[in-house]
Every structure is written in C-alpha cells, then in structure tokens.
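Q: Please take a close look at one helix of this protein and at how it packs against the rest. Start with the overall order of elements, then zoom in.

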Amino acid sequence: EYYEQHFRSLSTYRSGPRDSFADRLFTEEIKRAAAHARRAYDRMQFREALRIAFFDFVNAREQYRLMCGSDANMHEGVLFDYLNVQVLLLAPICPHVCEHIWRNVLQQDGSVTEQSWPEMGELSELTPLEGAYLSRFLSSVRQE
C-alpha cells in the first residue's frame, strides 16, 4: 500500500531538473544506503541490510520531504529512483513482496530477482556534511 500510494502520486510531484540541494542530498543518501546494504549482504548481515534498506530509506525520504517543505516540492524522478532502489535492496530478503511491487506497482519489466544490483556511481564526501549542517541548523531554528 505504501508503494502504491507513492507511485500513484508521482505525477503530483515536481518534474524537470534535479538540481535542488534537497534532490542532491537525497540522491546521495540513496547511494550511500545502497553501498552500506551491499556491504551488509556481502557479510551476510541480513538484519543490518534490512535496517538499511527499509528503515534508513524511509527516514531519508522523510528528511527529503522536510527539506522540500511539502510533498509537492519533491522531485518525481528522484522518488521513482528511491522506490526502485529500495525494492531492489529488499528483494533478497522478501522476494515475493518485492516481485509484486516491481511488476504491478512500479510496472517494471522482468523479474526483480533477475535485476542487477543498482549502480549508484561515486559518493560525494561534501554533500552529507552539508546536509548534516543544514539539518542541525533547521533543528535549532525550529526550537526557537
């Protein structure tokens, strides 16, 4: 239901260039989580992989929403990537559910179990530091 709700509402989100700071930061968080989940799977730490692929992803999405100020300011392409990557990361743990989401909700071709691990590219060292600074700043402003 969570995925169906987000997939149905993708067209209500912002489109165009993915150039806002929130877009870049959320994309970096997705890349970082995918790399950490890969390491957890390689070490057969399945509980850690689940924590990263589900809980950390959901928390990162919530932080993205807060940074954007509203759902309407989030980018549809960034959210579509988020949903795709999350399903791919969860597929080794819950393949039946992920297969349903992959084919019926995200409307992707083929089986989710036949997909390769998401290639995320190089991680930025600066973007997470900027994000942490901004998060602390916004927290202090909200407290005042």
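A: From the N terminus on, the elements run α-α-α-α-α-α. That comes to six helices and zero strands. The model is predicted. Of the 144 residues in the protein, 37% are buried. Among contacts with a separation of 6 or more, 71% join residues 24 or more positions apart.

Now helix H2. H2 covers residues 21-42, which is 22 residues. Its first and last C-alpha atoms lie 32 Å apart, close to the 32 Å expected at 1.5 Å a residue. Met44 follows H2 and has a positive phi, near 60 degrees.

Next, its partner. Two packed helices are described by the angle between their axes and the distance between the axes. The axes of H2 and H3 come within 9 Å and cross at roughly 175 degrees. H2 is therefore roughly antiparallel to H3, since angles over 145 degrees count as such. The contact of H2 with H3 has 18 nonpolar, one polar and four charged residues.

H2 also feeds the largest nonpolar core. This core has 32 residues, and Phe26, Tyr64, Leu79 and Val87 touch the most other members. Two or more residues each come from H2, helix H3 (46-68), helix H4 (76-90) and helix H5 (95-105). H4 gives the largest share, nine residues.

Leu79 shows how the pieces meet. Leaving aside residues up to four places away in sequence, Leu79 touches Leu10, Tyr13, Phe26, Arg61, Tyr64 and Met74. Phe26 and Tyr64 in that list are also among the core residues that touch the most other members.

Methods
Residues numbered from 1 in each chain as written. Predicted model: local features only at pLDDT ≥ 70, side-chain atom pairs only at ≥ 80, totals over all residues. Heavy atoms only, no water. Helix = DSSP H or I, 4+ residues; strand = E, 2+ residues; numbered from the N terminus. Expected span 1.5 Å × (residues − 1). Core = buried A, V, L, I, M, F, W, Y, C linked by side-chain atoms within 4.5 Å. Buried < 20%, exposed > 50% of the residue type's maximum accessible area, 1.4 Å probe, protein only. Contact = heavy atoms within 4.5 Å. Axes fitted to C-alpha atoms, helices over the stretch in contact; angles between N-to-C directions. Parallel < 35°, antiparallel > 145°, perpendicular 65-115°, else oblique. Nonpolar A, V, L, I, M, F, W, Y, C, P; charged D, E, K, R; others polar.
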